[in-house]
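Reader: I'd love a close look at one part of this model. Could you take me through a place where two helices pack against each other, and then show me what lies elsewhere in the fold?

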Amino acid sequence: MVEHSPLPAIQEEAMELLGWPELCQHLAGFASTTMGRQALLGLSLPGDPSWSQRLQQETRELLERDQQLEGGLDFRGVVDLKPLVERCRKGGIGTGEALLGVATTMAAVRKLRRQINDPHQQPVTTACLAQLQGLHQLERCLNHCLEEGGHVADRASPALGVVRRQLGVVRLELRQQLHGLLRRHQAVLQDTVISSRHGRAVVALKAGALDQLPGLVHDSSTSGNTLFVEPRTLVPLGNRIRDLEAQEHQEEEQVLRQLSQLVADDAQPLLDICAALLQLDMALARGRYGAAMGGVQPDFPGNGPKADETGVIQEPILLRQLRHPLLVWQQRAGGADVVPVDVQVAPHQRVVAITGPNTGGKTVVLKSLGLALLMARAGLPVLCAGPARLPWADLVLADIGDEQSLQQNLSTFSGHIKRLARILQAVEASPTASINGVVLLDELGAGTDPGEGSALAIALLRHMADRVRLTMATTHCSALKALKYEDDRFENASVAFDEATMAPTYHLQWGIPGRSNALAIAQRLGLHPSVLRQARALLKPQQVGEVSSIISGLEQQRRQQEEAAAAATALLARTEQLHAQVLSHWQRQRNEIAQQQQQRQQQLEDSIHVAQQEVARIIRTLRQGAPDGEQARRAGQRLKALKQLQHPQGATPADPRRLPHQQGWSPHVGMRVRLRRLGKVAEVLDVKDEGQTLELRCGPMRLQTPVEEVESLKGEEARRASPVQVTHRQPLPPGPEVRCTSNTIDLRGLRLHEAESAVAHHLSRANGPVWLIHGIGTGRLKQGLWDWLKTTDQVERFHDAEPGDGGMGCTVVWPRR
């Protein structure tokens, strides 16, 4: 279980000021069990960073598993066993319903073990359940002796079964005799319904008719007109039933006592199971709460950090788009949208002074940061965007709100001072405050003379800067705005104000102080115009050359920077859009070319197929009977026409890279030919023996064959080529040494032999470096290509591409010139 340290009273008070109890109420609604809800309502904080990290790990594991399973993790049947176990330990007897809860809880543990059983994906939670004892014998015994609702079953005890059978026989006899009495004395009865009073069967007899149906009167109606009488003849049967019921109760109690003793014998394993289930339920509730609120798992970069020579922790605090959880909860219920803020504190900064107008959101920033620190420590996700980097806060102290108290004779200023004194005492008493302490102060220096209040605020913040990891204070004191320029441990921040609408925007700006805009706020709230005019007249002479003019200039610079950043962002977006359009156009052209090539290939194959059928038909015609000369002449003309159709004049393309050859068709490197004996298409890799022998690749095979054994895809016979010297080829002008479409080959999706063939064909025409896109994947395609490139004489060198050109997913090949 999680170790919790006792919190100082001032920290518990700060948690109430920040709204922690209300957050716990929201969190408890996500619990699956009653004990989980009770525990989350009083959620306490762990006293060690390692426990907070464990809680965060449990939250992450259970949330991921809950989202993977259809219907989520199932805690149905889990009950709080601690009261029952403690009662049984002391020799008490548990009720049947409570004892049956032990069996249902054990069944729920088995189900959760099946759902959470992955040491690799859920190591912490899997280990939490794996170390629990099964207690299968106890579960079987409870299920054997107890039925639904906790009722003791007849099979629980032989004596109990005998008593209940006897009881059934006597009750049946009593019921039969009652029905006989009802029929015989119907005239003196108010109705024919058999009732029960004090466990005895009675009939509703009219008042005054007792002498006609003597018996024991157990009750009467309010009006006195009806008497509920047990007939005298049935009293012995009623007594017998009462005796048997007493025996039944004794037997049931004996069974429950035995079952309670079994529970007491396994008390510690049951308590361990209860604690583990509570731990898992709380972790799942934290995860579901974070998922519903849009939270992220925090990171504690300052856990056990090493300080530099000055004692400053070299870790920043970064919370992007931080939101107040209570305001987000109101937004989910239909409230106003929450405006997020960014919190960014450099490693050397210890004090942040937030200034700006009233109702601008300064106090919300303090509470948002305070709750984020508490949530991260308690194992909850933090409501921000992106990574959440913040310290593990051992102390989170706050002075927020009006501390005026008439009962204690305290003014607003006095109340603040008394709380500040207690905060200073807690800081001095904490040995880790300079590393893990955070202090949040609202309206510092207010409630007294402005000059004295500013002096007190400056002294207090300087004192805190030496003793606390971070102090964040809201203030209207202008003197505090200049501390940043005297001490680099101080930083300014301000809430923005829209002068056009005379209203705050609730955005937090870093690096510049803000103006209070008291007159603008007063105007928006409806203060009389004449009062505002007089105030402005009194204020103007004092504003010349003051801090407000500096702040105004800083705000103008900030707006200009924001406009420039927006323009740069728009330009980048347009550039990316243009780049996407170019890529799309290139891909479309590539697809069209591939489609055209496929169509031409299909047309060629169809034409060959038709010609073969026509030749076969002519042969069959000539073989039938004894053809005369005219028939032979017509067949010859038809064959000549087919030849002209398949090989039109000028159809052979002129290729400057084709090797010199004699008149007729001659193969060259890169050409696709057909092997006659196999009927397969192959690619020419090399021409050897002065054109007499060809080195071919046919699928995954490499082979050498005489030139007479091949023909072109059009059916042309090969002619012996004249002696060839490859060095006689005129060198091509050098190509570009930057990546472009013409020198890039996309090999993704190809087999290794297909990729080698494509690269060899491209290298035979290349006059500069070639970029081969093979991707990363398993690395097999890349390794196979590299092994082949080391053996071919077409390559001078090769290496991985630059990061901007594909990095390890692309290889640059320099062909040998």
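Author: Happy to! This is a predicted model, and a good place to start is the pair α4 and α11, which are roughly perpendicular to each other, because their axes cross at roughly 70° and angles of 65 to 115 degrees count as such. Helix α4 covers residues 49-68 and helix α11 residues 267-293, and their axes come within 8 Å. On the α4 side, the contact is made by R54, L55, E58, T59, L62, L63, D66 and Q67. Facing them from α11 are Q279, L280, A283, L284, R286, G287, R288 and A291. The residues of this contact are a mixture: seven are nonpolar, four polar and five charged.

Now for the sheet. Five strands form an open sheet with antiparallel pairing, in the order β18-β17-β16-β15-β19. Its edges are β18 (701-706) and β19 (710-712), each of which pairs on one side only. From one strand to the next, the twist averages 45°.

Look next at β17, residues 693-698, which joins β18 through six bridges in the antiparallel sense. For a landmark there, find E695: its bridge partner in β18 is Q704. A helix packs on this sheet too: α21, residues 752-765, touches β16 (680-688), β17 and β18. The direction of α21 makes about 135° with that of β17.

Terms used. Residues are numbered from 1 along each chain as its sequence is written. This is a predicted model: local features need pLDDT of at least 70, side-chain atom pairs count only at pLDDT 80 or more; totals for chains, interfaces and linings use all residues. Side-chain values use heavy atoms; hydrogens and water are left out. Two strands pair if DSSP finds at least two bridges between them. Helices (H or I, at least four residues) and strands (E, at least two) are DSSP runs, numbered from the N terminus. Axes are lines fitted to C-alpha atoms, for helices over the stretch in contact, and angles run from 0 to 180 degrees between N-to-C directions. Contact means heavy atoms within 4.5 Å. Angles under 35 degrees count as roughly parallel, over 145 as roughly antiparallel, 65 to 115 as roughly perpendicular and the rest as oblique. Ala, Val, Leu, Ile, Met, Phe, Trp, Tyr, Cys and Pro count as nonpolar, Asp, Glu, Lys and Arg as charged, and the others, Gly among them, as polar.
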